[in-house]
Amino acid sequence: MQDLIKEFMGKKRFAVIGASDNPEKYGNRIVKNLKARGYEVFPVNPRLKEVEGLVCFSSVADIPCKVDVADFVVPPAVTEEVLKQCVGLGIRRIWLQPGSENEASISYCRENNLNVVYNVCVMMS
């Protein structure tokens, strides 16, 4: 998995699915962390218009460019749904934050030949 992490972190554009405007939540901390490290960050949350000064998109499909990595900070049931969108959009690198994954989502990634990182926080990489 270390090779995948290195590959993912070498990319430029990250979608953060489950971005939050609450500084106490990981969906906010991850956006801030990636932004501070120089990544192009695209927050995704249908209930918000902006996160940390960035336009927040309602869905992955609304992002105006192709992202390199989809980072998930949502409950597993939401992860399972959004993974289908990622496949349809050709997003092949999936990072499932601790708590956003379950066996079904990990299996789905493998069955659809997606590169998946899980059980590791993107802020630790």
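**View 1. Glu40 and its two partners.** Glu40 counts as partly exposed, because its relative accessibility is 28% (buried means under 20% relative accessible area, exposed over 50%, and partly exposed in between, with a 1.4 Å probe and protein chains only). This is a predicted model, where local features need pLDDT of at least 70 and side-chain atom pairs count only at pLDDT 80 or more, while totals for chains, interfaces and linings use all residues. Residues are numbered from 1 along each chain as its sequence is written, and side-chain values use heavy atoms, with hydrogens and water left out. The side chain of Glu40 meets that of Arg13 in a salt bridge at 3.2 Å, N to O (a salt bridge is a side-chain nitrogen of Lys or Arg within 4 Å of a carboxyl oxygen of Asp or Glu). Arg13 sits in strand β1 and Glu40 in strand β2, so this pair ties together parts that are 27 residues apart in sequence. Helices (H or I, at least four residues) and strands (E, at least two) are DSSP runs, numbered from the N terminus. Like Glu40, Arg13 is partly exposed, with a relative accessible area of 26%. Now for the other partner: the side chains of Lys12 and Glu40 also meet in a salt bridge, at 4.0 Å, N to O. This pair links distant parts of the chain, with Lys12 in the loop between α1 and β1 (13–17) and Glu40 in strand β2 (residues 40–44), 28 residues apart. Put together, Lys12, Arg13 and Glu40 make a network of salt bridges.

**View 2. A salt bridge between a helix and a strand.** In total, the structure holds 4 salt bridges. One of them joins the side chains of Glu7 and Arg93, at 2.8 Å, N to O. Glu7 belongs to helix α1 (residues 2–9) and Arg93 to strand β6 (residues 93–96), so the bridge ties together parts that are 86 residues apart in sequence. Glu7 is partly exposed at 31% relative accessibility, whereas Arg93, at 19%, counts as buried. Why can such pairs form? Side chains of opposite charge can pair when their charged atoms come close.

**View 3. The sheet, strand by strand.** Look for 5 strands forming an open sheet in the order β2-β1-β5-β6-β7, with parallel pairing (two strands pair if DSSP finds at least two bridges between them). At the edges are β2 and β7, each of which pairs on one side only. From one strand to the next, the twist averages 20°. Helix α1 packs on the sheet, touching β1, β5, β6 and β7, and its direction makes about 105° with that of β7. For that angle, axes are lines fitted to C-alpha atoms, for helices over the stretch in contact, and angles run from 0 to 180 degrees between N-to-C directions.

**View 4. Strand β6 and its neighbours.** What covers the faces of β6? Arg93 and Trp95 on one side, and Ile94 and Leu96 on the other, are all buried. Strand β5 (residues 69–72) runs parallel to β6 and is joined to it by 3 bridges, with Asp71 partnered by Trp95. On to strand β7 (residues 115–118), which pairs with β6 in the parallel sense over 4 bridges. Here Ile94 stands opposite Val116, and Trp95 has Val117 as its bridge partner.

**View 5. Two right-handed crossovers.** β5, helix α3 (residues 76–89) and β6 make a right-handed β-α-β unit. A crossover is right-handed if, with the strands pointing away from the viewer, the path from the first strand over the helix to the second runs clockwise. From β6 the chain passes through helix α4 (residues 103–111) to β7 in another β-α-β crossover, also right-handed. Within α3 you'll find Thr79, which is buried at 0% relative accessibility. Leaving aside neighbours within four places in sequence, Thr79 is in contact with Phe72, Val74, Leu96, Ser100 and Ser105 (contact means heavy atoms within 4.5 Å).

**View 6. Inside the nonpolar cores.** The largest nonpolar core has 22 residues, and Ile17, Phe72 and Ile94 have the most contacts inside it. Such a core is a set of buried Ala, Val, Leu, Ile, Met, Phe, Trp, Tyr and Cys residues joined through side-chain atoms within 4.5 Å. At least two residues of the largest core come from each of β1, β2, β5, α3, β6, α4 and β7. Helix α3 gives the most, with 3 residues. Beyond its neighbours within four places in sequence, Ile94 touches several residues, including Phe8, Ala70, Leu83 and Cys109. Apart from the largest core lies another, of 18 residues, among them Phe8, Met9, Phe14 and Val51.
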